[in-house]
Amino acid sequence: MSTAREAEVSAARQEETRPQQARRDEARAADQEQAKRERTAAAAADTARQTLACKDCGLEQTAERCEACSYRRRTEALIAEAGMVVATWSADLTDQNVVATQRPGAPTNALDLSNRLSGV
């Protein structure tokens, strides 16, 4: 094949792929615009959320949970989890009645957990 013929074939292929490339470029631009709108909306929602008061103590501008209340809730969750571990260790897992009733009686705060651990 001659160089002139190769150039013609190459030019024809480029001409065939131009519409496809244009569609891809348009789709990419639309995706980027959509992502920009979503980022803007997320930033606005986050800004609005930051102005909300704490759900527990009412402290203003804490994004619904101040640091102290967040720690308190996490501590309570960890105590409950520790209580479940203690309940599992102390339960007779071969008795279905014990297994069925163990979760409701699990310690849910520090005093219950302390009493359970000390055998009170």
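This is a short tour of the structure above, with a suggestion at each stop for what to select. Keep in mind as you go that the model is predicted.

**Stop 1: the whole chain**

Start with the cartoon view and follow the chain from its N terminus. The elements run α-α-α-α, so to speak a path of four helices and zero strands.

Now switch on the surface. The chain exposes about 9,500 Å², and carbon and sulfur atoms supply 54% of that area. How much of the chain is buried? Of its 120 residues, 12% are buried. If you display contacts with a separation of 6 or more, 23% of them are between residues 24 or more positions apart.

**Stop 2: helix α1, residues E15 and R18**

Next, look for charged partners. A search of the whole structure finds nine salt bridges, and we will visit some of them.

Select residues 3-50, which form helix α1, and show the side chains of E15 and R18. These two side chains meet in a salt bridge, with 2.3 Å from N to O. Both residues sit in helix α1, three residues apart, or about one turn of the helix. Is R18 buried or exposed? R18 falls in between: its relative accessibility is 49%, so it counts as partly exposed, as the limit for exposed is over 50%.

**Stop 3: further along α1, residues D25 and R28**

Stay in helix α1 and select D25 and R28. Their side chains also form a salt bridge, at 3.1 Å from N to O. Where are the partners relative to each other along the helix? R28 and D25 are three residues apart in helix α1, so about one helical turn separates them.

Colour the pair by accessibility if your viewer allows it. R28 has 44% relative accessibility and counts as partly exposed. D25, at 34%, is partly exposed too.

**Stop 4: from a loop to helix α2, residues D56 and R73**

Now select D56 and R73. Here the side chains meet in a salt bridge of 2.9 Å, N to O. This pair links distant parts of the chain: D56 lies in the loop between α1 and α2, R73 lies in helix α2 (67-90), and the two are 17 residues apart.

D56 is partly exposed, with a relative accessible area of 30%. R73 is partly exposed as well, with 41%.

**Stop 5: the network around D56 and R73**

Keep D56 and R73 selected and add R65, R72 and E76. Which kind of interaction links these residues in a network? Salt bridges join D56, R65, R72, R73 and E76.

Note on methods: Residues are numbered from 1 along each chain as its sequence is written. This is a predicted model: local features need pLDDT of at least 70, side-chain atom pairs count only at pLDDT 80 or more; totals for chains, interfaces and linings use all residues. Side-chain values use heavy atoms; hydrogens and water are left out. Buried means under 20% relative accessible area, exposed over 50%, partly exposed in between (1.4 Å probe, protein chains only). Contact means heavy atoms within 4.5 Å. Accessible areas come from the Shrake-Rupley method with a 1.4 Å probe; for residues, only the protein chains shown count as cover. A salt bridge is a side-chain nitrogen of Lys or Arg within 4 Å of a carboxyl oxygen of Asp or Glu.
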